[in-house]
Amino acid sequence: MQTVTEQSVPKVPTLPDAQTITHVKHWTERLFSFRVTRPRSLRFRSGEFVMIGLMGDNGKPLLRAYSIASPSWADELEFYSIKVPDGPLTSKLQNIEEGDEIILRPKPVGTLVLDALLPGKRLWMLATGTGIAPFASLMRDPETYDQYDEVIMMHTCRDAAELEYGKQLVESLPKDPLIGEFVGDKLRYYPTTTREETAHMGRITDNLKSGKVFKDLGLKDGMSPDTDRAMVCGSLGFNMDVKTILEDFGLREGANSEPAEYVVEKAFVG
Ligand code: A2P
């Protein structure tokens with residue numbers, strides 16, 4: 001007969017769908033990233049999001065959509081978040097520490113997935129602020145480099161400090177022991193700032209419209225629906241403005257059910 005010792009009694013989670021924080025890093029006053037344990041049953045496609053949150057003061061879960069920033073093969077789940085001082089969730093979430101628990105509903109969904117795009121040669125990832133999160137996942141997925149000859153990560157933030165999370169990730173990838181060989185020299189990075197003087201400046205929308213980004217990267221001016229695919233993630237205004245530009249290039253919006261040349265998702269705020 002087996003005796004049940006104290007150690008063998010499973011720990012009962014205090015929250016429904018609880019996961020434990022394993023790492024927190026504050027990048028700026030406004031931005032932080034964190035990792036949590038991964039539910040054993042969770043399968044997701046790089047680029048998808050899940051609902052995560054904390055228990056509210058009223059005893060009800062306070063949940064928001066967060067893109068998973070880690071790749072689908074990783075043991076832990078990573079998230080990248082803004083801190084909104086009066087935001088119902090992020091004002092609390094920004095205080096989490098290693099060992100704390102958060103709620104994570106293990107039902108991944110989303111349109112920023114490779115399956116929602118028709119085959120192409122060049123993939124543009126266009127993000128502002130925390131909109132880089134789904135691309136932090138896709139940039140670490142070997143499938144991305146299997147499907148495209150060239151991957152261009154355009155990321156725009158107010159200042160250089162806000163680019164740091166993406167910059168450190170992108171710079172680590174070619175020498176990453178797990179996926180470095182897939183990345184090779186396929187990944188190109190075009191970071192810009194809008195409120196601090198840096199090497200490359202300006203909004204993504206302006207750099208696409210003026211043709212500056214194509215010139216800087218030594219590419220033919222503009223995008224073509226024959227070769228170029230795009231994924232967009234940022235604020236509502238950014239997404240709308242980029243959509244217009246992509247449509248002007250002749251690209252059409254795709255979805256899981258009907259793949260086309262570009263896909264869009266709103267970055268989490270609040
Ligand atoms: P800007 O500084 O000119 O507003 P935020 O931190 O406010 O979310 O903004 C992130 C980045 O997105 C900033 O560099 C900001 O530029 C830029 N941005 C905001 N709205 C748009 C838009 N509609 N089109 C292009 N870029 C935008």
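In this predicted model, Phe214 has a relative accessible area of 1% and is therefore buried. Its ring partner is Trp124: the two ring centres lie 5.4 Å apart and the planes meet at 70 degrees, so the pair is edge-to-face. The assignment follows because an angle over 60 degrees places a pair in that class. Trp124 is likewise buried, because its relative accessibility is 0%. Along the chain the two residues are 90 residues apart, with Trp124 in strand β7 (residues 122-128) and Phe214 in helix α7 (residues 212-216).

Strand β7, which carries Trp124, also belongs to an open sheet of 5 strands. The order of the strands is β9-β8-β7-β10-β11, and their pairing is parallel. The edges are formed by β9 (187-193) and β11 (262-266); each has a single partner strand, so one side of each lacks a neighbour in the sheet. On average, and with direction ignored, neighbouring strands are turned by 10 degrees against each other. At the β11 edge, strand β10 (residues 228-234) runs parallel to β11 and is joined to it by 5 bridges. Ala230 has Tyr262 in β11 as its bridge partner.

Two helices may be followed against this sheet. Helix α4 (residues 160-172) packs on it and touches β8 (150-157) and β9, with a direction at about 175 degrees to that of β9. Helix α8 (residues 236-248) lies across β7, β10 and β11, and runs at about 165 degrees to β10.

The aromatic residues offer a second route through the model. Aromatic rings are described pairwise by the distance of their centres and the angle of their planes. In total, 7 aromatic pairs are counted. One of them joins Phe34 and Phe79, with 5.6 Å from centre to centre and 35 degrees between the planes, and is classed as tilted. The class follows because 35 degrees is neither under 30, as stacking would require, nor over 60. Phe34 lies in strand β2 (residues 31-37) and Phe79 in strand β5 (residues 76-82), so that the pair links parts of the chain 45 residues apart. Both Phe34 and Phe79 are buried. These two residues also take part in a cluster, in which ring pairs link Phe32, Phe34, Tyr66 and Phe79.

A further contact with an aromatic ring involves a charge. Lys25 lies over the face of Trp27, at 4.3 Å from the ring centre.

Definitions and conventions
Residues numbered from 1 in each chain as written. Predicted model: local features only at pLDDT ≥ 70, side-chain atom pairs only at ≥ 80, totals over all residues. Heavy atoms only, no water. Phe/Tyr/Trp six-rings, centres within 6.5 Å; stacked < 30°, edge-to-face > 60°. Helix = DSSP H or I, 4+ residues; strand = E, 2+ residues; numbered from the N terminus. Buried < 20%, exposed > 50% of the residue type's maximum accessible area, 1.4 Å probe, protein only. Lys NZ or Arg CZ within 6 Å of the ring centre and 35° of its normal. Pairing = 2+ DSSP bridges. Axes fitted to C-alpha atoms, helices over the stretch in contact; angles between N-to-C directions. Contact = heavy atoms within 4.5 Å.
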